[in-house]
Each structure stands twice: as structure tokens, then as C-alpha cells.
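Q: I have a model open in front of me and would like to learn how to read its features one by one. Could you take me through them, giving the general idea before the particular case?

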Amino acid sequence: MAADSALLLSLVEEFVSGLQDSKAKDTATGVKDGQFTVLQLVEALGLSLMSSQPHTRARGVKLLSEVLHECYGNLTEAEVEVLIAFYENRLKDHYVITPPVLQGLRALTKCTVLPPGSAVSMLRSLFQDVHVQSLMLAERSCVYNMLINLMETREAELKGLGTDFVFGFVQSMDGERDPRNLLLAFQIAKNIIHRGYDLGKFAEELFEVTSCYFPIDFTPPANDPHGITKEELIEELRAVLTGTPKFAEFLLPLIIEKLDSDVQSAKQDSLQTLTACVSQYEHKDLAEFLEGLWASLRREVFQTSSEKIESAGLTALTALTSCLSRSVLSSDSEDSLSTFLDMVLEDCKHHLSELDLKLVWPSAKLLQAACSASNRASHIITAAVMPSLIEQYSSRTQCSHRRTLLEVVLRFIQSVKTSQASENEERVFSAFRESLCSMVFSALTETNTSLQITATSMLTSLAQQPGLLLDSDIELALDHLTRLLLTEEDDGVSLAVVKCAGALAELHPAAFITKLIPRLKTEEASEQHSHHAVRQRCLSALAAVSTQPSVVWESTPVLLEVLGSAHTGSVCFSVEEVVLACRSLQRIAERVQDTEETGQCFHEIIIPRLLSLALQAALQGEGSSGRSPLVEEVVLSAMVPVISTACSRLQPTLAGQTASRAVSLFLDGDVSFLPDNSFPSQIQLLKQQGDSWSQSQMVCLLIGCVCSLPRSVEVPQIDQLLSQLEEMSCTCSHPLSYTSAAKCFAGLVNKRSEGDSLHSLIQSTMKKVCRELHSTSSPVRTQAFTLLIWVSKALLLRYHPLSIVLTDKLFSLLDDADLGPMAADGFSMLMSDSADVLNRGCHADVRIMYRQRFFSENSAKLVQGFNAAPQEKKPNYLKALSNIVNKLPKQVQVTELPALLSLLLEALSCPDQGVQLSTLSCLEPVLIDPPPALIQQLEALVSRLLALICSPTMTVRIASLHCIHALSRFPEHEILPFRARVLRALARPLDDKKRLVRSEAVQARAEWFLLGSPGGR
Amino acid sequence: MSGGTQLENANPVIFQRSGERLLTASDEDEEVHDPIDDREIFDLIRSINDPEHPLSLEELNVVEQVRVKVNDTESTVDIEFTPTIPHCSMATLIGLSIKVKLLRSLPDRFKIDVHITPGTHASEEAVNKQLADKERVAAALENSSLLEVVNQCLSTRSI
Amino acid sequence: MKEALSLVQRLNAHPDSRCWFVSWSPSGTLLASCGGDKAIRIWGREGDSWICKSVLEDGHQRTVRKVAWSPCGNYLASASFDATTCIWKKKNDGFESLTVLEGHENEVKCVAWAPSGNLLATCSRDKSVWVWEVDEEDEYECVTVVNSHTQDVKHVVWHPTLELMASASYDNNICIYREEDDDWECRATLKGHTSTVWSLSFDATGQRLASCSDDRTVKIWKEYPNEAGQGDLSWKCVCTLSGYHGRTVYDIAWCRLTGALVTASGDDSVRVFKEDESSDPDQPVFSLAAQVTKAHNQDVNCVAWNPKEAGLLASCSDNGEIAIWRFQEEED
């Protein structure tokens, strides 16, 4: 013990007189280890604390405070009591002592064993003895932190201080300038307000001391290490100012005053603060300021010079109106909402009749903002403005006027939120239903396309107002839409009509079933008006309206009938139209509500019918004369996603049935489930019939049936199916057939459960593939390669351990004289999502980040391969690399790029345009936030990009110009030296023969011109 | 109303923007030579910002496609622009912005004439003569405060 | 008789910039050029080709619009948009900046040395023409400021022998000045062009003056004895060449050796006109002797005849190039 006290004394001596700061740490360690107690330390400090030199005393207190900072957790209540008394006493000492005292007190505020009453006593001494704003930055921060700590743990005690606490705080922060401290002070003020401290008569003082910072004007210094932003300060201060209605009488005049400012950000801050505060207020808080607020808001919207201010003003108006609407319920005297809205209407309404003047739009926007605030506001505003708008629409003759009116009315309808009205309240627009309908219908018959388009939006909005339109209105609307579908030539109008029909069908399926669909059916079946554009619109309309199951039952037969007629030739459809019909079916499969009912429809009707039609067509053969359009590759390829989308969404039982039906059809020739069953008994779809491909290519439809099923669904006869698919993929000579067989095989392998049978399957397949690949004279090397790449993909996606064997094989093929370029392209397929198989939509086993994983495991191999490859093979490696990097997520590209940069730059000078293009698309996202490695290579990058802007290939020219454009956003001092050279080089593509290239060049050059130029960048 | 802003024409009539030019198959065909046409020139200038409004020249109807004439084979471009009000003091600046935009965007073989739509401005002749004087235009662009305003008109809108 | 302009050489004189003006030294051995890159370049012949001998940079903050050689060939004056005129003195192989003449409010558009070499004229967008006197110590002093134009003064030239000066302006007029009691006064205003007059050139005798304009014409003006004998001078337009130029005519030069006129135009062409020797001196006829329609691929800004070697011609253009041409008259 004696030794310890000697040690303590020497530590104190060394710290206080020797000025060795590190001894504080040692002392703290001693206390923590129990070598001596804090009170012993106080004792040992005795001499220094009694020194006549304030600096020595300060040094002594500093040692104690630093020790407390380390070990406040270990103190006992008794010790804390002594220490608090000690510190409080020291607050009265010389000012140089104050900083370490505050440090010590702060440490004590963190103690859990603070004795009752000590918080109050500490604060009383603090507020009494310390003038906070004459302290240094760090000490002020210390005070704020003390308050924050105590507010967290001793709330009840502090509240016991009553208004003294608020007053003490107000005095402490009055005049604070440092943004870091302001954030702390705002936090305290926010706590005071939100946690219900008594403001008493100091509400105004608290408001004054905080609101003097409003609006926040702060620009962080360059390279600010504290990272405090203007936005943070704005948010915190706003939370203080808007936190209580007690501030309303001070805040609202302040907002009105600041809105007069010329500074845009001050205006915006004021408007946002207004929006925030009224959500806390009641109408009585606002009453005396409504006129002033309205005058300011109106001015900001009427004379706005910025869209941001305008939208902030409108939002504030909505919030204000909604506050007034809320309060009305409890209001006894005057109805402040209607008083306010009268004011708004008074100033805005008459502008709605001055269609040639510029205040139409701002007025409409203000009224709409108010209208959207509440149901009551909607009623008041619409009752006041709609009659005049409707009247004007019928009396005005000028098209531009009518369009303006229609747009204004449309936005009023949109501003009324549909969910607002409760059931028994009157609908906002019901009084105007009839006039609005006739307005829409008359606009739909106009010849002006923009009127027609606006009318379709208005029709949609009206229909979305619940319970507004009558059945007869919907029927009339359908007549108009049908007419436009069949006759309107303008693309924009047709698109709008189809969109509107889709929205209406969602709400009124019955009307569509009885009216529109039969009409479209007649149209599709008719030979006379077989106008391609009309058919096209009808086909997309059928898809657009089919979101409700009941509609799907009616619409899909019409589409299937198109395919049927096309096959038999009873109605002449172009291949393009047949494809469109398939697309419509696919859209329906994607969008229809997922129910048992729609599942049945696809399972029972659509899929069997598609298979049946395709089979009939296949059996007719591929002779060029009179062959069915359904054997065309584009048509089959369009059918696949119909089936696979439907199957991926089927309930498991139905899915299982579909799978087994399909397997028995393809393996056994079982046609029993197909409609129009007049098929021969010997059908072998998975065997090639000589040179004929019309049957073998049907295997692509099998992909749709078996590869998109949920993984839980068992595919029957899987082994036999796999073996026949493998056989077909390696022997067939027809590209669609063998590729489809390989994809189908891969799709099944991907979902096959892990185990020996999968391993042996892969190994045998691999053996077979390698045998063909190794024999350079094999006629089916391409087929073997196709199977290899699809199986590689199937395994790579699920992280199968054998995938590396297959992908290594692919890498080795980059050196192959014939297959090298194909292998390089193959990596693009490997890394991208395929549309019809092996994607998450069809329940494939796709692990997250498989691309990154593949990349990180293989990039080194590629680089090595590149370095080792003979010159003429190098492009294959570059292409493979750029294909892989291109598909990586941007984040990964950015981190991986430095290592690959020189290779990618090499790739830019590779003569292969595919490589150039793919590399450019890799580079582009990286250029947005260039890593230092890239900036170091700027010279090489710029020269190579500039060389590519004269490429013979348009897409390369466009992509390289795009990259040069992106370069203009690099740090100015890095790229300024290139400015003249880039501008000179960009002069040439301004005269490119392709407009798209010129347009890219213009944009890039414009940015480079602005670089380093006044007012530019 | 007392606003903080002092615009000459505080509340201009706003016109709708035309959409992006639609892509055609020939635009994407390598072999086809797309001549520079009126719409292409119009697309270059329609998005120029007005010096005093957060609006484009197209939205203010200062430029219209019918007032753009280009002859690609003879390398000439002729633009008429219509100031929003007949005493607009910004007319020269707007014309200068159009001219600079075209100088930066067109191949240098083009002769570019920019003038005011006849009868729409009080100082039409004086403004036209200034815009046609390339020496004055060159000197103006060496004036950094003027260049700053022009560049702001030509910047992609950031408000 | 057959004439032709053949290209001798093209020089990329002011890359990425405009070449505004070229000027031959009095001995015809050097050519000075200036441009938007704020630089002046001196070109000399080496063997068969013209090469850049020196570059005068840092004299001006902005475009150098024109340059002029002193009659002795030892000084060069440059006029710039930076509102100053710089005097350069030949030293060894190069030039050094001797003095900077300040005073104009804004862009100086032209500078010209009087045949004596003792006087220098400058003009500016500030509408004024200033005359400066040079003493033996190379000190320059402004002796007169004349404000006879109502708009920018684009160009000034001196009479080949007399102390007589002419200026061209954006106000469409030409003014002729003469010294009167130590003061320079405008003694004649030549009206006729309908737009900016860009340049002027006296013939070898100084009795006739050619002018060119934004109105796409060239006019020939002739001095007539004044009836009163004293006071104002009498100049009349005796010939107008129109229909030849497709755009603004930016410059004109009258060859003092051959009498051929050459023009530079915004239609990218250089054209040489010859006077019909038989025509009436009061109604002279000029006809197009030769032209190069695409002399440059942008506006031609300036043309200058070599003062010693007949037919040798320099032109320069917005694309920064200088071209040297030879005009040959092949006798048949």
C-alpha cells in the first residue's frame, strides 16, 4: 500500500509538474486495477490543488477529470457525491480551472449512480457560475453534452427545476456560432419541446435563441473533417421551430418575413418549415396570420422563378388547408376553412376564365393544391370552380382553350383523393357527373389529338372516383373507346386509348365482356377490314383489358382464335400479327391476377391449344408452299414465354399435371389431352426425322412446359427425358432444335437435386461433349459447344462444384481456331439473364452474386490466358473479359477496374468492334465516378476513345462519344489539359452521316466547351 | 404584389415542349446518310435556357421549328427567333446564345445566320446587324461576364 | 489572256483558332499573322516553303485583330480586343515588346503606319480614331482623337504618299482625314455602302480608294479636285462591283505593282479583279480575272499582295489557316 501511494504521488507529480500527459492514462489504469481509489487520487492531488498558481491547480483538476473520463463506470455513489461537491466548488475558482472542471462534470453525468438531487445541484452551479458563451468551443460542447446526458437519465429531476432549466439553457446557447455545437444545442431544444419540459414564460426566449439561425445559411468549408451539412442543420432547427404550437405566434410572422427574401434557399426553407409546422397546429394558432401567409404563398406561385419553390409553395398550401380542415370539427365559432378558401377563390378563380393570360396555370395549381387537402376543401373548391370551367368548355371554340380547360379539369379530378370520402358522404364530383361526361365524350370525338389524349386521362380519372360513373356512362365510354380503337390512326391517341381501356377494365370487367371483347372478336375474324394497324391495336387492347380473371376467360379465346385462323389460313394473318397475338397472351399471363380460375384457364385451355396448334403445324411440315405460319421460328419463340410465364405461376397441382402431360406428349407421343385430336398415333418429337426440323424444333415449347415449374414440382420420367434431350442436342443439325434441347436440358439440370445421379449425369455429358470438341473434324462441334455453355450456365448459377470444370473448358476454347470467337461471345450469355430459361422468374436455382463470384475466381485466368495467347487469339480473351466485366454490378466494376484497366484499355484498341463496344459499355458506368487508377491513365484513355469516334461502326462511334461526354465530369484540373484536343477531335463527328452520332457528339462537345469556361463548370 | 424578382416579363405564356424526335429504322441503318434537317437544328436550340426565366426558348415560343431553315448541301442555316416582348432587352443575348450553340454544334462548313422574326422587336435591325457581325460576336465571347451568361443559357438545366 | 490563282502553300497558322489578319513586311520577305489565340506569328521563306520564324506571345490578353509593319520594317504594331496596341521592335532574329499604347475604351480594331513612319493610326469599337506621333526615342504620343463615326471603326489606312488617312465603319461610311493646324479632321465622308464597311485599300497613286462591305459589294472611289480648291475633299464612287460575292466581303487589297484588286469573302472565296485598261477613268470597268471558290473551308478574313514580288498573295481564314497563292497572267 505504501508503495502504491508513493507510485500515485509520483504519477501526480509527473503529470502536474512534469507536464507528462501520458501519466493520466497510467493513473487511470491504476484506478481501474484497484491500485488506488479515486478519493486517494483527490487526496494525493491536495498539494497541487492548493497551489497559488492557477495553472498548477488546473493541471491537478485536469488529471482527475481525465481519470474520471476513463473510469466513471466504476465509481460508487458516495464517491460521486464527494466529487460533485468538489467540482461544484471548483467552478467558482479561476477561469483557467473551468475547462478541466467541466470535463470532469461531463464524465460524472455519465455515471449511473448519480445520487438523487445531484443533477439539479450540478446544473444550478453551472448556470450560476459559468458564462457558457465565453468558453472555448470544446468546453461549450462539454456543457451541451452534460445537458444531453442528464436529459437522457434524469428527466424527472430536471423537470423539477421548472422553467429555470429552460432559462439556463437559453442563456447557455445564446450566441453560439459553431455548427457542431449548434447541432447539440438544437438537439437539447428539441428534447425540451418534445419531452414536455415546462417552457413557462420562456417560450419566446427559447424561440428567439433558436430562430435567430433561421433560415440556415451555412456552407461547410472545403474538406470539412466534421462532415456537417447544411441539410442536417436545417432538419434539426426545423424540428425545434415546428415542435410546438406555442411558437406559432412567433414563427408564422418570421416565415412570412423570410418568404420575402431574394435568396431561393431561404424561400424554400421557409416553405418547408411552414409545411412542417402546420401539421402540429390548430386553426386558432393560424387564424391571425392566414391573410399574410396566403399573400406570400400566392406571390411565390404566381411569380415563381423556380419549379422547386413553386412545388414547395403548393405543398405548404395543401398542408395549411388540411390543418384548417382538421380543426373545423372542434370549431365553435367561425369556420376558418371556408374563410380561408374564400380568400383563395377570390384571388384565383377569375384567372381561370382568362385562358390567354399567364396566370391560368398558377391559379389552377393553387386551387388544386387546396382542393387536395381534404374532402371538405374539395367540395368547397369544386363547387366554386367547376360550373365556370364546364360552361367555358362548351362556349369556347378555340382548340387551345379547350385543351387548357380540359387539362385544368383533369387536374382537379386528380387532386381529389379517392380514398378521402367516407361511404356516406356525398361524392365530390357527383353534381357535375353529367357535364363532365359530356365534356369527355365531346373531347373524344374531336379531331385534335392532344384533346383526345387528355380526354382519355380524364375518363380514367373519373372512372377511378369510386361510385361516380353510372353503368350507362361506362357503356358510352366503351363505345367511344371501341370506335377510337378501330378508326384512330394516330399512334399517340391509340396508345392512350389502350391504356384507358386497361384502367377501365380493371374496374368494370362486365362491361368489357359484353361490349368490347365481342366487338374486337368480330374485328379480328373479319377479312374486310384486315387493316394491319387496326388488328395490331385490337390485339394490344385485348391484352390491356385482361387483368380481371373474368375478362381473361373471354379475351384469350379471341387471341387463340387468331392463331387458329392463321394456322388454317381461314383468315390471312401476317407472321408479325401472329407474333403479336402471342405477345398479348404473354402479357396477360404476366399481369392477370393470380387465381385458381386463371390457372385453370391456362392449364385447361390455353397451353393445350397452343401445343395442339403447333403440333398440327409441325405435322404439316416445313415445305415452303402453304406452310403454316406457326412453324416459323419467331412464332414459336413467341409462344414459349406464354407457356413458361403461365407455368411459373401455376398452382403446384396444376403445374404437375401440365408437366406430366407435356412429358408424355414429347416422350411417348401421347396426344390425348390436346383439343382437335386428329393426330397420328406415331409421334416422336424428340427424335430427328431425317432433315425435317418442323417437329424437332417443337422442343422449344417443352422448355416452356417443364423448365419454369416451381422447384417442388416433380418432372416425371426425368432421366429418360434428360437422356433424349442430351442426345438430341448433340446430334440434331437444326440450330433452333439443338439449342432448345440444350437449354431444356440445362433448365432441368439446374433444378435437379444434388447427389450422385446429378454428378454422374454431368460427368457423362461432359465426356460426350469433350469427345466431340476434341475431334476437330466432328460435324457437331458447334452442337457440343452449345450444350457445354448451357450446362455451364445451369451449374454456375447454383454454385455447383463441377461448374468450374465446365467453365475451364470454355476458357480453353478461347484458343480454338474455329470456336474461339463463339466461346468469347458465350461469356456474355453466361453472365446475362436469359429470357426464357434459367432465370429467377422460372424458379431456377440462381444464387446471389454468382457473377461476382465467377469473376473473382476467373479473372486471373483470363489475364494469364491473354498474356500467353498468340497475337491473333488475344481479341478472344479481351472480348471474353469485356463480356464478363460488362455484366458485373457497377459497384464491383468500380472496385475491380484498377486491376483490369490496362487490359480494358488494350481492348479499346482491339480491332474487333464487338470487343470495342462491350468494353465501352463496361467503362461507361465506371466513368461516372472515376477511380484514381483511371485518372492516372487519362492520356491513354482519351487517345483511345478519340480514336474510336471515327469507327466505321455507328454504335461504336456513339458509345465512344458517350464515354467522352462522361469524361467531361472528371475533376476539372485533370481534364482541362485535354480540352482543346477533345474539342478539335469532336468537330469531325458533328458532320457524321448518322444523326444519332451527331447528336451524341453535340452533347459531348457542349459539355467540353463549358469546361473551364465562365458560367460553365 | 411586390416580388423580390425584377423580371422584364414576369409571367410569360408557356408553350408545350415538343417530344423527343422519334427514332426511325433508317436512323439506325448504318448505310443511310441522314441529312441535317430543320428538326435536327431545332432540337439543338429548343432547350436553350431563357436568360431570365427557368424556361427553355421553346417553352417561351422564342424558337419554333417553322422558323428554322437548313440547307445541308449548301451548308447554310437560317434561324428566326421571336423575343417574348417587343422591347425585350435580352434579344441580343438570346440571339447570341443561339448563335454560339450552333457554332459549337454544327460542322464548321456551315454559314449560320440568326435574326429576329421580322416585325417582332423594336430594335430589330440593330440586333440583327450585331448578330451578323462576327467580329463583335468574337469580342463578346471574350468578355467573361457575357460568356458566363451565354454558358448558363447553354447549360443543361439544373434548377 | 488567261489568268489563274495557284496555291503555293497552306500553313496551319493559328490552330484551334481564327486567323484574322496577315501582313507582308515592306521588303516582302516576312509575313506576320495574328489571330484568336492572342498570338502573332512571323513567317519567312526557307527554300521553297514558308515556315514559322517566331511567335510573339504574351503581348495581349485577348484576340490580336490586326498587325502592321512600320515602313522601315523594323517595327511591328498589333491591335487587340484587349483595348491596347502593342509596338514590337525587331531584335536579332526575333521581336521584343517595346511599348503598349493604351487609351481606347475597348477593342482596338486596326492599326496602320503612315508612309513617313512618324505617325501611327489606331481605331476602335469606341468609335474613335487616334493618331500617335513617334519620336526618335521610340516614344509614342497621342496627337489627336477624332470622333467622326457614329459606330465602331473597323479599319484605318494611310495614303501611299501623303499624310492622308481613311477609315471604315459599322456606320456604313468611310471618312477621309487630313492634318489641319496640328489637328486631324475629317474632310470627306463617303456614303454609299448599305452595311458595315470592313476594309479599304488605296491604289499605288493614292488617287483611288477601294472599299468592301457587309453589303457584299466592292466600291471604287476617286478623288476629284475640289471646286473651291481648299477645305473639304471631293471623293466620288466611280464603280461598284456587285453580284460576285455570296456573303460579306471582309477585305480588299490593291496591288501596287500590278493594279490587280483582290477580295476576301465570307463565302470562303478569294477573287482577283483586273481593270479594263481601255475603260473611261471616270467610269472604270473591273472584271473578274480569277477566283478560287473554296480558297479556305471557312470565311476568308484577309488578303494581302506581296509588296515586292508581283502576283504573290496571302490569305487567311476562320479555320486558322494561311494560304499563299500565286496569281499568274499567262500571255498568249
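A: Let us begin with one annotated span, keeping in mind that this is a predicted model. In chain C, the C-alpha atoms at the two ends of residues 22-43 lie 10 Å apart, and the span is 59% strand and 0% helix. For residues 57-89 of chain C the end C-alpha atoms lie 14 Å apart, with 52% strand and 0% helix.

Q: Which annotation covers residues 22-43 and 57-89 of chain C?
A: The UniProt record, an unreviewed entry, gives "repeat: WD" for these two spans of chain C, and also for residues 101-142, 146-177, 190-222 and 293-332.

Q: How should I read the pairing of strands, and in what order do S18, S19, S20 and S21 of chain C lie?
A: In general, the strands of a sheet pair through backbone hydrogen bonds, in either the parallel or the antiparallel sense. Here the 4 strands form an open sheet in the order S18-S19-S20-S21 (chain C), and the pairing is antiparallel. Strand S18 (197-202) and strand S21 (234-241) of chain C are at the edges with a single partner strand each, so each has one side without a neighbour in the sheet. On average, and ignoring direction, neighbouring strands of this sheet are turned by 25° against each other. Looking closer at one pair, S18(C) is joined to strand S19 (residues 208-213) of chain C by 5 bridges in the antiparallel sense, and Leu200(C) is the residue that stands opposite Ser211(C).

Q: Is strand S14 of chain C enclosed or open to its surroundings, and why?
A: Burial is judged by counting neighbouring C-beta atoms, and a residue with 20 or more others within 10 Å is called buried. In strand S14 (residues 153-158) of chain C, 6 of the 6 residues are buried, so the strand is largely enclosed by the rest of the structure. S14(C) pairs with strand S15 (residues 164-169) of chain C in the antiparallel sense over 5 bridges, and a hairpin of 5 residues joins the two strands. Within this pair, Val156(C) has Ser167(C) as its bridge partner.

Q: What is the secondary structure of chain A?
A: Chain A has 50 helices and 0 strands, and 47% of its 1017 residues count as buried. Among contacts in chain A with a separation of 6 or more, 74% are between residues 24 or more positions apart.

Q: Which residues touch the most other members of the largest nonpolar core?
A: That core has 352 residues, and the ones touching the most other members are Ala370(A), Ala614(A), Met639(A), Leu701(A) and Phe745(A). Setting aside neighbours within four places in sequence, Ala614(A) is in contact with Leu630(A), Leu636(A), Met639(A), Met698(A) and Leu701(A). There is also a second, separate core of 104 residues, which includes Trp24(C), Leu31(C), Ala32(C) and Leu312(C).

Q: How many residues of chain A are in contact with chain B?
A: The size of an interface is often given as the accessible area lost when the parts come together; here we count residues instead. In this model 29 residues of chain A are in contact with 30 residues of chain B. On the chain A side, helix H17 (290-302), helix H18 (307-328) and helix H50 (995-1010) each give two or more residues, and H50(A) gives the most, with 7. By class, this side of chain A has 11 nonpolar, 7 polar and 11 charged residues.

Q: Where should I look for backbone values that depart from the usual?
A: Most residues other than glycine have a negative phi, and most peptide bonds are trans. Phe214(A) and Pro215(A), however, are joined by a cis peptide bond with omega about -10°, and Pro215(A) lies in the loop between helix H12 (203-211) and helix H13 (230-241) of chain A. His843(A) has a positive phi, near 60°, and lies in the loop between helix H40 (820-831) and helix H41 (850-868) of chain A. Lys127(C), which is not a glycine, has a positive phi of about 75°, and its place is the loop between strand S11 (119-124) and strand S12 (129-134) of chain C.

Q: Are His843(A) and Lys127(C) buried or partly exposed?
A: His843(A) counts as buried because it has 20 C-beta neighbours inside 10 Å, whereas Lys127(C), with 19 other C-beta atoms within 10 Å, is partly exposed.

Key
Residues are numbered from 1 along each chain as its sequence is written. Chains are lettered from A and ligands numbered from 1 in the order in which they are written. This is a predicted model: local features need pLDDT of at least 70, side-chain atom pairs count only at pLDDT 80 or more; totals for chains, interfaces and linings use all residues. Two strands pair if DSSP finds at least two bridges between them. Axes are lines fitted to C-alpha atoms, for helices over the stretch in contact, and angles run from 0 to 180 degrees between N-to-C directions. A residue is buried if 20 or more other C-beta atoms lie within 10 Å of its own, exposed if 12 or fewer, and partly exposed in between; C-beta atoms are placed from the backbone. Two residues are in contact if their C-beta atoms, placed from the backbone, lie within 7 Å. UniProt positions are given in the numbering used here, feature names are shortened, and annotations may be inferred rather than shown by experiment. Ala, Val, Leu, Ile, Met, Phe, Trp, Tyr, Cys and Pro count as nonpolar, Asp, Glu, Lys and Arg as charged, and the others, Gly among them, as polar. A nonpolar core is a set of buried Ala, Val, Leu, Ile, Met, Phe, Trp, Tyr and Cys residues joined through C-beta atoms within 7 Å.
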